[in-house]
Amino acid sequence: MNVLVFSDIHGNLNALESVLKAAGSFDAAWCLGDLVGYGPDPNECIEYIRDLPNLQCVMGNHDAAGLGKIDLDSFNHEARFAARWLKENLTMESVQFLSGLPQRIETMGITLCHGSPRNPIWEYLLDLPTVLANLAYLNTDICFTGHTHIPVVFRWEEQLEWFNPIPGKTYSLDATMIINPGSVGQPRDHDPRASFLKLDTETRTWELFRVEYDIPSVQERIRKAGLPKRLALRLAEGW
Ligand code: ZN
């Protein structure tokens, strides 16, 4: 089975459209959360994602914030402003879809969650000690996470190591691994191109992709929506 694995779309329709075009055909779509937040097109992105084939989708912290499920004081100033805007702009259908999302999914021997297996909504996997502690919370060898917006692989085989995957190279699922496909709508590794991966569950191999999209058009809609300017600026720099 060919699976599109993607995360952190953040209401960026141009980035999502570019990813879906570049991904070609796939049998299933696994979405690791934060469909909304920061970006100007939350409802449009949900409409696209909802209709993807064999969708498995978990809830992220911005999805939860849009539903009023988490205290906005835990967000920084900009994220808080954007989350308020989001709550005012989500349609009933979008709220209904986001409300139904689980925090964690196990499918085909693979765990899907937004932040970490231990704390799926909030925890960032940014260092080896945190990742190591999280391995105890996995029932599967392989886990896909998002949340940090940085493509990374944590690999455990005798010891824990990490690396940033390179687009165009084929990688195997050959150990205990936590893999982050990067972000569709707000990359933060100083590469502004939208990020995603494609997994072949038969050969147990996967490949990372980066694709360009129309950033100025999204920036303009961010400004028109009255969202913080910095949210538009950062897209061009990838941080
Ligand atoms: Zn995010």
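Which residues of helix α5 are buried? Hold that for a moment. One caveat: this is a predicted model.

Now α5. The helix covers residues 92-99, and its buried residues are Ser 94, Phe 97 and Leu 98. Look down the axis of α5. The buried residues fall within an arc of 95 degrees, so they line one face of the helix. Turn to the other side of α5, and Met 92 and Gln 96 are exposed. What sits over the buried residues of α5? The cover includes α2, β3 and α3, the last at residues 61-66.

On to the sheet. It is open, with 6 strands, and the pairing is mixed. The order reads β3-β2-β1-β11-β12-β9. At the edges are β3, residues 55-57, and β9, residues 170-172, and each pairs on one side only. From one strand to the next the twist averages 25 degrees.

A helix also packs on this sheet. That is α1, residues 13-23, and it touches β1, β11 and β12. The direction of α1 makes about 30 degrees with that of β11.

Take the β9 edge. β9 and β12 run antiparallel, joined by 3 bridges. β12 spans residues 205-211. Within that strand, Thr 205 stands opposite Ser 172.

Now β1 and β2. Do they pair in the parallel or the antiparallel sense? Parallel, over 4 bridges. Val 5 stands opposite Trp 30 in β2. In a regular strand, side chains alternate between the two faces of the sheet. Here is how β2 looks. Ala 28 and Trp 30 point one way, Ala 29 and Cys 31 point the other way, and all are buried.

Next, the metal. Which residues are the protein donors of the zinc ion? Asp 8 and Asp 34 donate through OD, His 10 and His 149 through NE2. These donors lie 2.0 to 2.4 Å from the ion. The angles among the 4 donor atoms run from 85 to 178 degrees, and the site is irregular. Why irregular? A tetrahedral call needs all angles between 85 and 135 degrees, and the range here reaches 178 degrees.

In sequence, the donor spacing is D-x1-H-x23-D-x114-H. His 10 lies in the loop between β1 and α1, while Asp 34 lies in the loop between β2 and α2, so the pair ties together parts that are 24 residues apart in sequence. Both His 10 and Asp 34 are buried.

Stay by the donors and pick up Gln 186. Where is Gln 186? In the loop between β10, residues 176-180, and β11. At 2% relative accessibility, Gln 186 counts as buried, because buried means under 20%. Two of the zinc donors, Asp 8 and His 149, are among the residues that Gln 186 touches. Its contacts also include Tyr 38, Leu 231, Arg 234 and Leu 235.

Last, Arg 118, for contrast. Arg 118 is found in the loop between β5 and α6. With 35% relative accessibility, Arg 118 counts as partly exposed. Not counting residues up to four places away in sequence, Arg 118 touches Glu 123, Thr 130, Ala 133, Asn 134 and Tyr 137. And how far is Arg 118 from His 77 in space, C-alpha to C-alpha? The distance is 26 Å, with their positions 41 residues apart in sequence.

To recap: one face of α5 is lined by buried residues, the sheet is open with mixed pairing, and the zinc site is irregular. Thanks.

Note on methods. Residues are numbered from 1 along each chain as its sequence is written. This is a predicted model: local features need pLDDT of at least 70, side-chain atom pairs count only at pLDDT 80 or more; totals for chains, interfaces and linings use all residues. Side-chain values use heavy atoms; hydrogens and water are left out. Two strands pair if DSSP finds at least two bridges between them. Helices (H or I, at least four residues) and strands (E, at least two) are DSSP runs, numbered from the N terminus. Axes are lines fitted to C-alpha atoms, for helices over the stretch in contact, and angles run from 0 to 180 degrees between N-to-C directions. Contact means heavy atoms within 4.5 Å. Donors are N, O and S atoms within 2.8 Å of the metal (3.2 Å for Na, K and Ca); water is not among the atoms, so sites may look incomplete. Four donors count as tetrahedral if all angles lie between 85 and 135 degrees; four count as square planar and six as octahedral if opposite donors are over 155 degrees apart and all others between 65 and 115; anything else is irregular. Buried means under 20% relative accessible area, exposed over 50%, partly exposed in between (1.4 Å probe, protein chains only). The arc is that of the directions from the helix axis to the C-beta atoms.
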